[in-house]
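Trainee: I am new to this structure and would like a close look at one part of it. Could you walk me through how two of the helices meet, and what surrounds them?

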Amino acid sequence: HPIRRMLKPHTFGAASINKAATLTLVSENSFVHRATALTTQAMKDALNLSVHSIEYLTTDEHLARTQMANVSSELYPWGHDLVNFTAVVKQFVKAYVDVYYTDDKDIRNDAELAEFWRDLWLDPTSPIAKCDLNRDRVVSTLTHFIVYVTGIHNHVGNVADYLRDPHFVSAKIRKGWEVADTQSLFQILNIGLTTTRKVPRLLSDFTHVLLQDEHLYKTSKIFRQFQNDLMALSVDIETKNENRRYPCNSFNPDKMVSSVSI
């Protein structure tokens, strides 16, 4: 499916590693259970709370909810870089979607896309899962999926720095101790190491994943333009960082990988 091909670089390894995690990370007596002080039920409750706490928000909705939409770039470079990165991704997604779907009718007539859309949501009977699909909604949602697994994950997903020093973070607390003991440190280090794998960089040539169809010339051009736009954004962010009070590389494409595969 053309949408699957577009998303392929951004789902690299995610399905297989997440399936494996259900066996090795979050089952009873597994890595996470042993590395924390949680009982089996408490661990399950924490995971369920995490899942049900997820709320899909666009970039604009996130900035508005946190009341940071109108904060200056000098004080809040993170938000401004997020907006600019989202704009680059959206331009790419829209150009690609427009190749295969000329209007909203084409979107609604794609049964596989409709099934994919329903399966995205935790509750398939929710209003958003049952809504009438159109190009704008599809483009916006796919855009933010890519933003979340690249830029947002680049910002919040790297835990290596937290695990290097036992004085900083521990997965469990022992009476009379203010730092992680040796066993606890190695347990969380093992989790960090076993959930790490090489992932393609975001700045890479992904044209090999495209469908070999009549649209190949157009879609290849769109993929290459996306890379050019990402590189231009990277240069712009690095230039701004030279004079920023708070340099920020969270949405610098040169610092990102293409997917979440941990």
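Mentor: Happily! α6 and α9 lie oblique to each other, a word kept for angles outside three classes: under 35 degrees (roughly parallel), over 145 (roughly antiparallel) and 65 to 115 (roughly perpendicular). Their axes come within 8 Å and cross at roughly 135°; such axes are lines fitted to C-alpha atoms, for helices over the stretch in contact, with angles from 0 to 180 degrees between N-to-C directions. Helices here are DSSP runs (H or I, at least four residues), numbered from the N terminus. This is a predicted model, in which local features need pLDDT of at least 70 and side-chain atom pairs count only at pLDDT 80 or more, while totals for chains, interfaces and linings use all residues. Residues are numbered from 1 along each chain as its sequence is written, and side-chain values use heavy atoms, with hydrogens and water left out.

The crossing of α6 past α9 is right-handed, meaning that the near helix is turned clockwise from the far one by less than a right angle. Residues of α6 that make the contact include W78, L82, F85, V89 and F92, and across from them α9 offers, among others, V139, L142, V147, T150 and G151. Contact means heavy atoms within 4.5 Å. Sorted by class, the contact holds 12 nonpolar, 6 polar and 4 charged residues; Asp, Glu, Lys and Arg count as charged, Ala, Val, Leu, Ile, Met, Phe, Trp, Tyr, Cys and Pro as nonpolar, and the others, Gly among them, as polar.

Now follow F85. Leaving aside residues up to four places away in sequence, F85 touches V147, T150, G151, L202, L230, L233, F251, P253 and M256. F85 is also, with F92, V93 and L142, among the residues with the most contacts inside the largest nonpolar core, which has 44 residues. A nonpolar core is a set of buried Ala, Val, Leu, Ile, Met, Phe, Trp, Tyr and Cys residues joined through side-chain atoms within 4.5 Å, where buried means under 20% relative accessible area (1.4 Å probe, protein chains only), exposed over 50%, and partly exposed in between. At least two residues of this core come from each of α1 (2-7), α6 (77-100), α8 (111-120), α9 (135-156) and α12 (216-241). The biggest share is from α6, with 11 residues.

Just ahead of α6, look at the loop from α5 (59-65), where Q67 is found. Q67 is not a glycine, yet has a positive phi of about 60°. With 71% relative accessibility, Q67 counts as exposed.
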